[in-house]
Structures are given as structure tokens and as C-alpha cells.
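Subject: Structure for your review

Dear colleague,

I am passing on the structure below, and I would be grateful if you could look through it alongside the notes that come after it.

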Amino acid sequence: MNLNYLDYPRPQFVRKNWIDLNGDWEFMFDDENIGLTNKWFMQKEFILNINVPYAYQSELSGIGKNEQHDVVWYKKKVILEKISAKRIFLNFEACDYKTDLWINGVHIGEHCGGHVPFSFEITNAVRKDENIIVVRVEDFNTCSQPIGKQSWKKDNFLCWYTRTTGIWQPVWIEILEKNFIKNCKMTPNIDNGKIHLDISVDNSHENVYLEGIISFKDKFITKFGTSFKNGRAKLSVDVTSDDPDFRMFYWRPETPNLYDIEFKLFKNEKLMDEVKSYFGMRKISKSGRKIFLNNQEFYQKLILDQGYFGKGLMTPTPEQLEDDVNKIKEMGFNGVRKHQKIEDNRFMYLCDVLGLVVWAEMPSPFEFSDETNKNVVKELYGLIKKHYNNPSVIAYTVLNESWGINEVYDNPMQQNFVNSLYYLVKSLDNSRIVIGNDGWQHTISDILTIHDYTSDEKSLSMRYENFEETVDGSPSLTSLRTNYAKGYKYSGEPIMISEYGGVAYSLNSEVSSWGYGKRITDPEKILDKIENLTKAIMDIDYMCGFCYTQLSDVEQEANGLLDHEHNYKFDPKRIKEILSYKHNGGFIFE
């Protein structure tokens with residue numbers, strides 16, 4: 001496995017026949033919301049241009065206006081050739097928030113949700129040669145939407161940042177045959193040396209056959225074949241061999257081994273579809289107060305990553321993503337908590353290939369209502385589907401710090417909402433850890449996670465000396481909230497400080513910024529503070545890991561180890577020395 005798939009928007013499901021639609025589009029603001037009435041999807045000339053997939057608020061979009069425009073329009077002309085007897089799909093990786101699509105003046109459909117992938121079949125609307133794509137997006141950024149770290153107020157405030165409106169992840173067209181592979185869920189079972197495949201195809205009533213080949217570093221492992229019943233096939237394939245030291249090539253951050261898998265779909269011996277993918281033989285589990293990776297104790301050293309990039313806001317380039325992953329590893333972290341953002345598929349791919357575990361997180365809403373519940377649940381399905389096959393993903397966080405469930409401490413309806421999301425995720429993916437309400441006021445959760453930004457290491461250590469008082473109390477002096485909601489208590493799960501640190505340091509003293517604790521101006525003293533806090537946490541023997549806040553500065557928040565443009569603020573070797581203090585485990589062969 002190499003990085004060649006970075007050009008393709010979905011490296012977990014690669015096809016050859018596709019058209020990249022990123023780049024220059026015509027663009028219009030519709031502040032009076034008259035575009036539908038005046039049929040802008042027909043012959044309207046759009047007077048602006050935008051660089052897709054960057055939101056208009058970003059500098060890289062070519063517009064760069066941090067102003068509130070709730071309705072925007074896009075237009076692009078696309079030449080299609082050799083489309084007879086083919087099926088054409090237009091794919092969006094993410095578009096915030098409600099998207100309507102027209103092809104050549106024909107309304108194709110709509111989608112609500114700002115963070116997850118969706119597709120439209122446009123076969124019946126396209127024509128050979130020139131086609132006009134028109135997209136209308138409305139995003140009122142209401143608190144019933146999952147908006148994550150986007151400010152719902154007029155301006156940025158505290159840890160909420162510039163809004164993202166419209167297309168902000170890749171857009172592309174795929175040209176397929178009548179029959180094609182819709183999806184494949186790949187579930188590793190390392191205890192039996194098998195990969196379980198759950199494959200679905202389109203046109204389920206037709207008789208098709210699938211062949212697959214599994215290899216490792218271009219060396220053949222096995223092949224398999226299957227037919228379909230009602231458009232679905234389920235099978236388990238043995239991937240053991242004599243080449244690995246222990247029958248399988250396991251995936252771990254230190255050794256991110258990946259198997260290549262190729263699917264070929266046939267109908268009457270004619271090749272209808274071909275997809276290249278990969279998987280990792282990896283297992284995440286918990287027992288008592290410990291987390292296990294591949295049945296070996298695994299101490300998590302995570303960093304919080306909000307996924308904001310200076311000129312692109314929430315939209316990075318593949319090169320920026322690769323640079324981030326390399327820097328995270330260079331600093332000695334073994335994982336990342338992707339915070340309040342469903343990241344570009346290529347980030348997950350890089351974590352798979354280069355070796356980082358990932359906590360994937362659902363962006364939060366900020367009010368509790370029936371509409372909120374519906375909106376969150378809809379996108380939660382997309383989150384699980386997007387990350388299911390990534391071996392790097394070991395945990396899902398469904399809510400954070402009681403955002404959108406402010407009364408969860410003693411409100412049974414809000415508690416039930418958290419629990420319903422927990423069980424929904426488990427019904428879709430029972431192979432990973434699920435955190436219900438990260439930080440405090442837990443109901444049901446696989447890990448007791450605590451947010452503690454105490455800046456004095458001695459006080460931090462003292463607050464966690466008494467285990468019983470800690471787990472069913474409110475140990476964090478900074479949140480002052482109980483670990484559990486009313487009616488819930490500790491039941492033996494692993495414990496982790498999933499946010500701490502946040503020590504602020506800005507290279508530009510003239511920029512107004514904030515961080516946690518008393519501001520320190522000497523970078524060496526900041527490193528001393530990070531070291532003392534980290535060692536204090538690592539000395540708490542009942543913790544299974546930590547997550548440091550945070551990877552990079554984000555707009556007004558200056559507590560990153562990297563600056564706003566993701567350059568180092570500190571010596572990465574020093575950070576790695578700090579993280580190497582304890583819990584380094586594993587065999588070393590020299």
C-alpha cells in the first residue's frame with residue numbers, strides 16, 4: 001500500500017472512470033432568496049467565480065468573505081463523452097447544509113446534512129457533450145443543525161470559529177455500468193484470521209458474480225468468489241499465510257500493515273465493475289480499566305485535531321493532510337481525536353497507511369429538539385458508513401461536553417437521546433469503542449472520559465489520588481461538572497483524560513488570542529508546563545491514556561503545538577521526549 005490513492009476522493013473505494021469537478025465554478029450569493037422563484041437553475045449568469053471545494057469564507061476560495069450569506073448558488077459546464085448505456089453519478093463528499101441539484105435545468109434531488117458524503121444519479125438528465133450543473137445550497141447555521149465548531153453567532157467567540165457554507169469537500173462524477181458494487185463492509189476477525197465481507201450490488205434482481213483477490217505488498221494471499229442473494233453477499237475469507245511471523249500481518253500504529261483487496265463484478269462473463277480497496281487486520285477491545293489493540297494493552301497518546309487550516313479553513317489539501325499526520329507521528333503521538341469534524345476521506349487513508357489511531361466524532365448541535373434529534377441521527381449513519389473500513393478508526397464520539405443536551409445531568413429525555421445514539425452506533429458497528437457524551441455528565445459510554453484543563457500539575461495529581469472519589473465525583477476543577485449524569489455511576493470501564501493542556505503561546509504577540517490557564521510567554525517554560533502536566537497524567541496508574549489539546553492554533557485559539565498555518569511552534573523532538581516518559585510497551589528488535 002502506498003500513497004498513490006491520494007488523488008482519488010475515496011481511497012477506500014477506488015475506480016478508474018471518474019471526472020474531477022474541483023476547481024473553477026461560477027458562483028452567486030442569493031441574499032434575498034429569489035433564485036428559486038426566478039429560476040436561476042435555467043439560464044442565469046453567475047457573476048462570481050469560486051475555487052471548489054473551498055467555502056466562500058476561505059481565502060483559497062478566491063472570494064474570502066467572512067460575511068453571512070445563507071443561500072449560495074454554483075454552476076459548472078461539463079463535457080461528457082462515451083456515456084451511452086452508462087450510469088452517471090455526481091458525488092459530493094460534504095456540502096453544508098441543504099443541497100439542491102439541477103442538471104440541464106432538470107431538478108435531480110436534494111440532500112440535508114453538512115458533513116457526510118452523498119450522491120445523485122444523473123443518468124437520465126445528462127446528454128453527450130456539454131452539460132450544465134447547477135447547485136443551490138442554503139445554510140442558516142441553526143442550533144438544531146450539527147454545526148460542530150462553526151459559530152452560530154454573527155462573530156467568532158471562545159472556541160467557535162468561522163462558518164463554512166456550501167461545498168467544502170471534493171466533488172466528482174463517476175461513470176459506471178448498469179451493474180456495479182454499491183458498498184462493501186469489511187470487518188476483520190484477528191482471532192480467527194479472517195476478514196468478513198458484506199457486499200451489496202445495484203440492480204439486485206439481476207444475476208451477477210463477484211471475484212476478489214487479496215494480496216499483501218503485491219504478494220498473492222488468496223482469492224474468492226461469490227454470487228448474490230437479493231443484491232447482497234456475506235462471506236468470510238481466511239487471510240492467514242506462512243509469510244507473517246504470527247500468521248497475519250497485524251495493523252498497529254508502529255506497523256500499519258494493510259492488505260490490498262480487488263473486487264471484480266461480472267455479468268455473463270462481462271466485466272461490469274472493478275474496485276480497488278484495502279483493509280487492516282486490527283481489533284480494538286476493552287477489559288476492566290484497560291484498552292487492548294490486537295489483544296495487547298494499548299495506552300493511547302492522542303492529540304486533539306480540529307482540522308482547521310489557515311487559508312482553507314476546514315478544507316485542506318492532500319499535501320497538508322499528509323504533513324499533519326507525519327508531524328503528529330514525529331512528535332510521538334500514536335493517535336488523534338478528530339474533534340467536531342468529519343474529515344476528508346484522504347486523512348483517514350493517511351492514518352491507515354502511515355499509522356495513527358483515530359477517534360472519529362460527530363459534530364454537535366447546540367439545542368435539544370425533535371428536529372435536532374432527526375438531524376443528528378441522519379448524519380450519524382453517514383459517519384459510520386464513511387469510517388467503517390478504516391482500520392485506524394478505533395472509537396466514535398457521538399456528543400461532546402453536553403453541547404445540545406445542556407440539561408442532560410437530570411433530564412431523562414436528553415439522557416435517553418445519548419443512550420439511543422450509543423446503541424444506534426453499536427447496531428451499525430459493534431467492533432469499536434463508543435463514547436456517549438465526551439468530557440463529563442456521562443450516561444452510557446465505553447470509556448469514562450474527563451476534560452481537565454487544570455494548569456497546575458500538583459493540583460492535577462492531587463485531584464486524582466482517590467480513585468473512588470474521582471470516578472463518581474467531579475475531579476476537574478476547570479469544568480466543575482460531575483463525571484456522571486444523575487442516575488448513572490461508574491461501572492468499571494476504562495478511564496481517560498480526553499482533553500487537557502491547551503497551553504497558549506502565540507508567535508505573533510500582536511494578535512488577540514486565548515488558551516487555558518495563565519499565559520506563559522517563554523516557549524521553554526511552556527514546554528516545561530506541557531511536560532509536567534503530561535507526566536502527572538501518565539503517573540495516574542488507572543488511566544488508559546490521554547488526549548492533549550491541541551494540534552494547531554485555530555483562529556482566536558492559540559493553544560496548538562503547531563501555528564495557524566501548521567508550522568511547528570516547538571521542537572518536535574522535545575515533545576516526543578515528553579511523551580516517551582512512560583507507557584512505551586511492545587517488543588524492540590535491534
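The notes below go from the whole chain to its cores, then to one strand and one residue.

Please keep in mind throughout that this is a predicted model. The protein chain contains 8 helices and 30 strands, and its radius of gyration is 24 Å, close to the 25 Å that the globule rule gives for 590 residues, so the chain is as compact as a globular protein of that length. Along the principal axes, the C-alpha atoms of the protein chain occupy a box of roughly 70 × 65 × 45 Å. Of the 590 residues, 61% are buried, while the protein chain exposes about 24,400 Å², of which carbon and sulfur atoms supply 47%. If one takes the contacts in the protein chain with a separation of 6 or more, 71% of them are made by residues 24 or more positions apart.

Turning to the interior, the largest nonpolar core has 96 residues, and those with the most contacts inside it include F333, W359, Y464 and I495. Helix 7, covering residues 523-538, contributes the largest share of this core, namely 7 residues. There is also a second, separate core of 30 residues, with W25, L80, L101 and I103 among them. As general background, nonpolar side chains in soluble globular proteins tend to be buried together.

Strand 29 deserves a separate paragraph. This strand spans residues 495-501, and because 7 of its 7 residues are buried, it is largely enclosed by the rest of the structure. Strand 29 pairs in the parallel sense with strand 28 (residues 448-451) over 4 bridges, and within that arrangement M496 of strand 29 is the bridge partner of T449. Strand 29 is also joined by 4 bridges to strand 30 (residues 543-549), again running parallel, with I497 standing opposite F546 in strand 30.

Finally, I looked at E177, which sits in the loop between strand 12 (171-176) and strand 13 (181-189). Is E177 buried or exposed? Its relative accessible area is 17%, and because the cut-off for buried is under 20%, E177 counts as buried. The side chain of E177 makes a polar contact of 2.6 Å with the side chain of K86. Leaving aside neighbours within four places in sequence, E177 is in contact with A85, K86, R87, K270 and M272.

With best regards

Definitions and conventions: Residues are numbered from 1 along each chain as its sequence is written. This is a predicted model: local features need pLDDT of at least 70, side-chain atom pairs count only at pLDDT 80 or more; totals for chains, interfaces and linings use all residues. Side-chain values use heavy atoms; hydrogens and water are left out. Helices (H or I, at least four residues) and strands (E, at least two) are DSSP runs, numbered from the N terminus. Buried means under 20% relative accessible area, exposed over 50%, partly exposed in between (1.4 Å probe, protein chains only). A polar contact is a pair of N or O atoms within 3.5 Å; within protein, one must be able to donate a hydrogen and the other to accept it, and residues adjacent in sequence count only if both atoms are side-chain atoms. Contact means heavy atoms within 4.5 Å. A nonpolar core is a set of buried Ala, Val, Leu, Ile, Met, Phe, Trp, Tyr and Cys residues joined through side-chain atoms within 4.5 Å. Two strands pair if DSSP finds at least two bridges between them. The radius of gyration is taken over C-alpha atoms; the globule rule is 2.2 Å times the number of residues to the power 0.38. Accessible areas come from the Shrake-Rupley method with a 1.4 Å probe; for residues, only the protein chains shown count as cover.
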